[in-house]
Amino acid sequence: METSNLVTVSLVVTTAILIITPFFVTPKVKDSKRKKKNISSKEKETKTYTFGLINQGNNICFLNSVLQSLASLKSFRKYLEKKVENEPIIAERPVTVALHATLERLNEPLTKQQSFIATDVVWALQANARRLINRQQQDAHELFQFLFQSLGAEEDHSRRPKSLFDSELIRKMAAKIDKITNFVNDRNPLRGLTAYRVSCMKCGYCGPIRHTTFDNISIPLPSGLPSVPLDVLLRTYAGTDFIDEYNCPHCSLVETLAAIEKKLEVEKDAGKLENDRQVIKKALATDVDTDISGLLQLTKLVHVKNTASKVTMFAKLPDVFSIHFSRSIYYQSGFTFKNSCKVKFSETIDMMKYISGGYLANMPTGVGASCGEDPSVEGENIYKLKSVIVHQGDHKSGHFITYRRKEESDNWWRLSDEYVEEVKLKQVLNEEAYMLFYEKVQQ
Ligand SMILES: [Zn+2]
């Protein structure tokens, strides 16, 4: 990750999709919270309904929970709609088209409770994965990653020129040199950008800023704690880490220069060595990151490795901030357990305190630059909770359900496959969250 400016994390993660076996899903888990209530006739008149998703023997509650969650995200639905309208060749984007139709259907107002099977999405994903989506080793987060990898692949495909004569598209692609400008335009609302910068603990040299894209962030939970606030997890994620064996370019130049000067004390014909000394002195005075290996006539650069600090921050927040909590604890004996640490999350979060806000960008490059100060940020970046995926049960068996915010209401839907129930926010906030979806409040 340190060498490339833009790395799509999800692509790396999803290649492991067939290997990881996180939470198993049992075929028929009884829904303990399902109750039959007596509804008064007045309530019946004002009562609204939403679609449930049938889990027809295929054991696809993990898929149903992800679809219900995504259905709560207005900006994501808008993005899909734009994709479907602007690029009408359906055969090239089966997942985008199927997902768009399914999420729109899940938002249709109903006068009575109904359910359907998300067949279109299942087929499109299965064709993409060349395998069945109904196996037991499926997990909502893996499915989410695979879904976004598929959407990304379809997006890349539609950007590719159809032939060498598609000069308009080739010209457009050539013009998009700046990856970050390209990133900001026409992006998936779940896609964000993190920035990080490494600093040598010995000499204080700050390396250049690097960027990494993400569709969701995955945070491991501390083991042995009954609960942890989301704020603490986000501060730890977007904070300072330490790297051993960091190859510091500044320390390397200083050490190489010292070696040359020692040789010069005894060297008679010093022409080439003197050249090398001047090259290194110039690099130290101007830019230590310049590649000078071609300019050195006699000397080989010494590589000095020190401990370094790495500061990570959100450089560009997505419109939808999706967080996954990694709840698997692996023991050396081969056993895996579910970490039941409860994340204390709230209805809204202000992401301003976790973003770089120009702090990393404005940091001076070079020796003596301070990399450890707090960024001074102003303003707000408020995100509102839209859906929560919960895994019930232990590591070996269980069931995925979703809580989804009800449109134009303070109430929520509790969706367990085809079983739909209206609940209060308090119940949602009390759950052991597996994935959270926050959407930016438009100001
Ligand atoms: Zn250094």
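Me: Which strand is joined to strand β3 (residues 192-200), and by how many bridges?

Reply: Start with the pairing in this predicted model. Strand β3 (residues 192-200) is joined to strand β8 (residues 305-316) by 8 bridges. The two run antiparallel. For one point of register, take Val198: Lys310 in β8 stands opposite.

Me: In what order do the strands of that sheet come?

Reply: Read across the sheet, not along the sequence. The order is β4-β3-β8-β7, four strands in an open sheet with antiparallel pairing. An edge strand pairs on one side only; here the edges are β4 (210-214) and β7 (240-247).

Me: By what angle are neighbouring strands of this sheet turned against each other?

Reply: On average 35°, with direction ignored.

Me: Now side chains. How many salt bridges does the structure hold?

Reply: The count is 11. The cut-off is 4 Å, from a side-chain nitrogen of Lys or Arg to a carboxyl oxygen of Asp or Glu. One of them pairs Lys74 with Glu407, with 3.8 Å between the closest N and O atoms.

Me: Why does the pair Lys74 and Glu407 tie together parts far along the sequence, 333 residues apart?

Reply: Look at where each partner sits. Lys74 is in helix α4 (residues 74-86), while Glu407 is in the loop between β15 (399-405) and β16 (412-416), so the contact links parts 333 residues apart in sequence.

Me: What is the relative accessible area of Lys74, and what is the figure for Glu407?

Reply: Lys74 has 45% and is partly exposed. Glu407 has 39% and also counts as partly exposed.

Me: Which residue does Glu261 bridge to?

Reply: Arg277, with the closest N and O atoms 3.1 Å apart. Glu261 belongs to helix α11 (residues 249-264) and Arg277 to helix α12 (residues 271-285), so this pair ties parts 16 residues apart in sequence. Glu261 is partly exposed, at 32% relative accessibility.

Me: Where do Arg405 and Glu347 lie?

Reply: Their side chains meet in a salt bridge, 2.6 Å from N to O. Arg405 lies in strand β15, and Glu347 in the loop between β12 (342-344) and β13 (348-350), so parts 58 residues apart in sequence are tied together.

Me: Is Arg405 buried or exposed?

Reply: Buried, because its relative accessible area is 10% and the cut-off is under 20%. Glu347 counts as partly exposed at 25%.

Me: Which residues do salt bridges with shared partners join into one network?

Reply: Follow the shared partners. They join Glu261, Glu274 and Arg277.

Methods: Residues numbered from 1 in each chain as written. Predicted model: local features only at pLDDT ≥ 70, side-chain atom pairs only at ≥ 80, totals over all residues. Heavy atoms only, no water. Buried < 20%, exposed > 50% of the residue type's maximum accessible area, 1.4 Å probe, protein only. Pairing = 2+ DSSP bridges. Axes fitted to C-alpha atoms, helices over the stretch in contact; angles between N-to-C directions.
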